[in-house]
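Got the viewer open? Let's walk through the fold a selection at a time, starting with a pair of packed helices and then moving over to a sheet.

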Amino acid sequence: MSGKRTDHVVVVGGGVVGLSVAWRAAEAGNRVSLVDPAPASGASHVAGGMLAPLAEAWPGEEELLELGTTSLDRWPGFADELARAAGLPSGLRTEGTLMIGIDGADRGELDTVAGYLAGLGRSVTRLTGRELRKREPALGPAVRGGLEIPGDLAVDNRLALTALQAAAKAAGVEFVAERAERVRSGAVELADSELECDLAVISAGVRSGDLHPALSGRIRPVKGEILRLRRRATALPPPVRTVRGPVRGRPCYLVPRDDGGVVLGATQHEVGFDTEVTVGGVRDLLADAETVMPGIAEYALVEATAGLRPSTADNLPLIGWLEPGVLAATGHHRGGFLLTPVTVDAVLALLRGDEPGALIKATDPSRLGGQQ
């Protein structure tokens, strides 16, 4: 689709991607409405906020890595613009990431990651357990080796969501606290009415597949349980960097917050739309975290939540036209926060009638066989 600048844009979904698209589209001069009964909730509210394409790199996912590293490069500028527009902190953290391993199989997985990145010309620093503890004294003796990845970042997801809501409101975005039922060219169908528009953007996470036939069956929910901990006065400080890696084969991450808190995650289960936190999930997360950082046993457990990652068959998001007047910007799996800057830039280019660039072609929804 190309031609005139869009006048009225309706964004369906108020997570990190939807809020960001709405804010930037309004700043670009469009009239923007955002439809969501509870903005800044869902998977974006639960997220750990890691911006870690290198730590999550794996052979066979080269397109996802390129997309992630491109978006990571744009995050500092995006965060600065957000803080200025909102008058609030963006929540960006720049201390980097440590990947750790416990047993031989864990360290073998890290070797695979390091070798893969080296083959792509991206170097990481291998560290012994002692070297890791010099950088992060809270790490325990069970941590035998790891990698330092200084380029990966993190963001406090809830600070970022608060700032995005403020920036969107300051830019004139109209918030419509209703649930969208269907999206078609020229209108978003609500429960008892329609919201007419020149263009609609679907960014509704795991609900996106219900909103347009081209997305039906293309997005599946992947459950993730996450804990939030708070340092008590008698406890050791949390790590400065994000610490992540396999713990006897199970993925584990600890993401520090500026207030002395730690976000601990995350389980990964394909169990439909179940968002209940399970005893087994909490047990495994705490056991693995205590292996990595024994002092975490003295922390207070302040929240246990579960979210649903919107995932696709190839783990790449869906960014592009579904039909004239309807765009998708959804299906970001674990990378909603990471991929927000590159997603927003692509959507704004499409709104202007421009081509978003070769990198975005891999995310075109037509690759999965949807209707066009």
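Select Val16, Leu19, Ser20 and Trp23 in helix 1, then add Leu161, Leu164, Gln165, Ala167 and Ala168 in helix 6: these two sets meet each other. Color them by class and you get seven nonpolar residues, two polar ones and no charged ones. Keep in mind as you click around that this is a predicted model.

Now switch to cartoon for the whole of both helices, residues 16-27 for helix 1 and 157-170 for helix 6. Two packed helices are described by the angle between their axes and the distance between the axes. Here the axes come within 9 Å and cross at roughly 30°. Angles under 35 degrees count as roughly parallel, so helix 1 is roughly parallel to helix 6. As for handedness, helix 1 passes helix 6 in a left-handed crossing.

Next stop, the sheet. Show its eight strands in the order 6-7-5-15-16-17-14-18; the sheet is open and the pairing is mixed. At the edges sit strand 6 (125-128) and strand 18 (300-311), each pairing on one side only. Going from one strand to the next, the twist averages 20°.

Zoom in on strand 16 (residues 250-256) and strand 17 (residues 261-265). Which way do they run, parallel or antiparallel? They are antiparallel, joined by four bridges. Pick Leu254 and you'll find Leu264 of strand 17 standing opposite.

Last selection: helix 4, residues 104-119. Helix 4 lies across strand 5 (97-101), strand 6, strand 7 (145-149) and strand 15 (242-247), and runs at about 135° to strand 5.

Conventions:
Residues are numbered from 1 along each chain as its sequence is written. This is a predicted model: local features need pLDDT of at least 70, side-chain atom pairs count only at pLDDT 80 or more; totals for chains, interfaces and linings use all residues. Side-chain values use heavy atoms; hydrogens and water are left out. Axes are lines fitted to C-alpha atoms, for helices over the stretch in contact, and angles run from 0 to 180 degrees between N-to-C directions. Angles under 35 degrees count as roughly parallel, over 145 as roughly antiparallel, 65 to 115 as roughly perpendicular and the rest as oblique. A crossing is left-handed if the near helix is turned anticlockwise from the far one by less than a right angle, and right-handed if clockwise. Contact means heavy atoms within 4.5 Å. Ala, Val, Leu, Ile, Met, Phe, Trp, Tyr, Cys and Pro count as nonpolar, Asp, Glu, Lys and Arg as charged, and the others, Gly among them, as polar. Two strands pair if DSSP finds at least two bridges between them.
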